[in-house]
Amino acid sequence: MKGRKPKPTRLKEMAGTAQPCRIKPNEMTVSHLANIPEPPFYLTDTGKNEFINICSELLNKKMLHLVDVSLITAYCNEIALYIETETLLKTTGRIDEFYNEDGDLTRRQSKPEQKIANDALNKALKLAVQFG
């Protein structure tokens, strides 16, 4: 399908652009959550904080659905990995320098953590798109 992805009716209503001719009659309806669920045990503390922040925001907008919890968890896991890796890189530096026996610099190379951080951020951004 070319063009923009269709906006959910709830987002159209919030923006004030909902028109009867543009509302799909067979749009999927999902169950709303009344409370913020507990963060999954496997998230780090950073991930758990992000999980609570995201869920709070979605709950306030009445957009927290049961089907979204796994995507929120995946997003929080990736953003936590990014934050934690960036924190590590801040203390250890982003470049490894290699020297020969004489002490001369032979080459410089990005640390593997830099790629991990970049990949985590890219994955988090792709997941964030799902929430508008």
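Helix α3 (69-92) passes helix α4 (residues 112-128) in a left-handed crossing, meaning that the near helix is turned anticlockwise from the far one by less than a right angle, whereas a clockwise turn makes a crossing right-handed. The model is predicted, so that local features need pLDDT of at least 70 and side-chain atom pairs count only at pLDDT 80 or more, while totals for chains, interfaces and linings use all residues. Residues are numbered from 1 along each chain as its sequence is written, and side-chain values use heavy atoms, with hydrogens and water left out.

**Helix packing**

Helices (H or I, at least four residues) and strands (E, at least two) are DSSP runs numbered from the N terminus. The axes of α3 and α4 come within 8 Å and cross at roughly 150°; the two helices are therefore roughly antiparallel to each other. Axes here are lines fitted to C-alpha atoms, for helices over the stretch in contact, and angles run from 0 to 180 degrees between N-to-C directions. Angles under 35 degrees count as roughly parallel, over 145 as roughly antiparallel, 65 to 115 as roughly perpendicular, and the rest as oblique.

On the α3 side, the residues in contact (heavy atoms within 4.5 Å) include Leu71, Ala74, Tyr75 and Glu78. Among their partners in α4 are Glu113, Gln114, Ile116 and Ala117. By class, this contact of α3 with α4 has 15 nonpolar, two polar and four charged residues. Ala, Val, Leu, Ile, Met, Phe, Trp, Tyr, Cys and Pro count as nonpolar, Asp, Glu, Lys and Arg as charged, and the others, Gly among them, as polar.

Helix α3 also meets α2 (45-60). The axes of α2 and α3 come within 8 Å and cross at roughly 135°, which makes α2 oblique to α3. This crossing is right-handed. Residues of α2 including Thr46, Phe51 and Leu58 meet residues of α3, among them Val69, Thr73 and Ile83. The contact of α2 with α3 divides into 11 nonpolar, three polar and two charged residues.

**Individual residues**

Relative accessible area separates buried residues (under 20%) from exposed ones (over 50%), with partly exposed in between, using a 1.4 Å probe and protein chains only.

| Residue | Relative accessible area | State |
|---|---|---|
| Thr73 | 5% | buried |
| Leu66 | 54% | exposed |
| Lys62 | 55% | exposed |
| Arg108 | 57% | exposed |

Thr73 lies in helix α3. A polar atom of the Thr73 side chain is 2.8 Å from the backbone oxygen of Val69. Not counting residues up to four places away in sequence, Thr73 touches Pro40, Tyr42, Leu43 and Phe51.

Leu66 belongs to the loop between α2 and α3. The C-alpha atoms of Leu66 and Val30 are separated by 7.5 Å, although the two residues are 36 residues apart along the chain. With residues up to four places away in sequence left out, Leu66 touches Ser31 and Leu33. Lys62 is found in the loop between α2 and α3, and its phi is near 60°, a positive value in a residue other than glycine.

Arg108 is placed in strand β2 (residues 105-110). Its C-alpha is 5.7 Å from that of Asp96, with the two positions 12 residues apart in sequence numbering. The side chain of Arg108 makes a polar contact with the side chain of Glu97 (3.1 Å). Such a contact is a pair of N or O atoms within 3.5 Å; within protein, one must be able to donate a hydrogen and the other to accept it, and residues adjacent in sequence count only if both atoms are side-chain atoms. Arg108 touches Ile95, Asp96 and Glu97, not counting residues up to four places away in sequence.
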